[in-house]
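Visitor: I would like to learn how to read the features of a structure like this one, going step by step. Could you take me through it?

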Amino acid sequence: MRRRASKGWRRAALPLLLPLALLGGLWQFDRYVNTCIKPTLHKLAEYEARRTAAEAVAAAARTVQPQNLFAAAGESWQLDTAAVNALCVECVDAAQRYLADSGPITYTVPFGTLTSDTLLSDCGPGWRFSLQPRGYAQAQLRESTESLSVNTTRYTAQIELTLTMDLILDSKIETLTYTGEIPLVTLLLPGGVPQYYGRA
């Protein structure tokens, strides 16, 4: 009698345990996707967005033609702010045009690569995702001087182009900021020979 009752209990519990095991397996798979696969996918998207931003800065640098950047001010020369501002506007327009012209970038990454497992790398079905570069650019002038020797100073002027892009992946938004430098001019400014040397 007891053996028959235990067999009946097992048969009655089997339909209940099967959905619970299925739900537990689905929960574990969802947890694995959120903790292992999605962070890797976000890293790949961030790398690709940085590459696109670097290409946008390079495209802006190709359009720059630094001419007549200096204006005479008495016996000295100074940077022409109107010409520099016009160059900054050109750089911003070129970078934003590049981002607008580059359409959505579609990738298919093998599932094994997303698991970050060396044995499963490049194995399994592909996980397809699309990246649409969208953002805005800002440009500003950076000037610096550096003393090279006792009477020589190096002067450099460059445009600092900053691209701010939004990464939208799986309804999660992350902001990426990339800064590139576009050199304008480098000058070596010789000074007079000092008459004496002293210690401070």
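**Reading the model, feature by feature**

Guide: Let us begin with a single residue, Leu22, which is found in helix H1; please keep in mind throughout that this is a predicted model.

Visitor: Is Leu22 buried or exposed?

Guide: The general idea is that a residue counts as exposed when its relative accessible area is over 50%. Leu22 has a relative accessibility of 57%, and therefore counts as exposed.

Visitor: Which residues form a nonpolar patch on the surface?

Guide: Leu22 is one of them: together with Leu17, Leu20, Leu23 and Leu26, Leu22 forms a nonpolar patch on the surface, and the accessible area of these residues together is about 550 Å².

Visitor: Turning from the surface to the interior, which residues touch the most other members of the largest nonpolar core?

Guide: That core has 31 residues, and the ones that touch the most other members are Leu161, Leu163 and Ile182. The elements giving two or more residues to this core are helix H1 (2-63), helix H2 (81-101), E6 and strand E7 (172-190), and the largest share, nine residues, comes from H2. To see the surroundings of one such member, take Ile182, which, leaving aside its neighbours within four places in sequence, is in contact with Val57, Ala60, Ala61, Val64, Cys91, Gln158, Ile159 and Leu161.

Visitor: How should I read charged side chains, and how many salt bridges does a search of the whole structure find?

Guide: In general, side chains of opposite charge can pair when their charged atoms come close. In this structure, a search of the whole finds five salt bridges. One of the pairs is Arg50 and Glu46, whose side chains meet at 3.5 Å, N to O; because these two residues are four apart in helix H1, they are separated by about one helical turn. Arg50, at 32% relative accessibility, counts as partly exposed, and Glu46 counts as partly exposed at 27%.

Visitor: Where do Arg51 and Glu55 lie relative to one another in helix H1?

Guide: Arg51 and Glu55 are four residues apart in helix H1, and so are separated by about one helical turn. Their side chains meet in a salt bridge of 2.4 Å, N to O. Arg51 is partly exposed at 38% relative accessibility, and Glu55 is partly exposed with a relative accessible area of 28%.

Visitor: What joins the side chains of Arg154 and Glu146?

Guide: Arg154 and Glu146 meet through their side chains in a salt bridge of 2.6 Å, N to O; Arg154 is partly exposed at 31% relative accessible area, and Glu146 is partly exposed at 40%. Elsewhere, salt bridges that share partners join Glu48, Arg51 and Glu55 into one network.

Visitor: Finally, what about polar side chains, and which side chain does Thr156 meet in a polar contact?

Guide: It helps to ask first where the residue lies and how much of it is accessible. Thr156 lies in strand E6 (residues 152-169), and because its relative accessible area is 18%, under the 20% cut-off, Thr156 is buried. A polar contact of 2.6 Å joins its side chain to that of Ser144, and the residues in contact with Thr156, leaving aside neighbours within four places in sequence, are Arg142, Glu143, Ser144, Val185 and Thr186.

Visitor: Where is the place of Thr162?

Guide: Thr162 is in strand E6 and counts as buried at 15% relative accessibility. Its side chain makes a polar contact of 3.5 Å with the side chain of Thr179. Setting aside neighbours within four places in sequence, Thr162 is in contact with Tyr136, Ala137, Gln138, Thr177, Tyr178 and Thr179.

Notes:
Residues numbered from 1 in each chain as written. Predicted model: local features only at pLDDT ≥ 70, side-chain atom pairs only at ≥ 80, totals over all residues. Heavy atoms only, no water. Buried < 20%, exposed > 50% of the residue type's maximum accessible area, 1.4 Å probe, protein only. Polar contact = N/O pair within 3.5 Å; in protein donor to acceptor, adjacent residues only side chain to side chain. Contact = heavy atoms within 4.5 Å. Core = buried A, V, L, I, M, F, W, Y, C linked by side-chain atoms within 4.5 Å. Patch = residues over 30% accessible without salt bridge, like charges linked within 9 Å, V, L, I, M, F, W, Y side chains within 5 Å. Areas by Shrake-Rupley, 256 points an atom, 1.4 Å probe, with all protein chains shown as cover. Salt bridge = Lys/Arg side-chain N within 4 Å of Asp/Glu carboxyl O.
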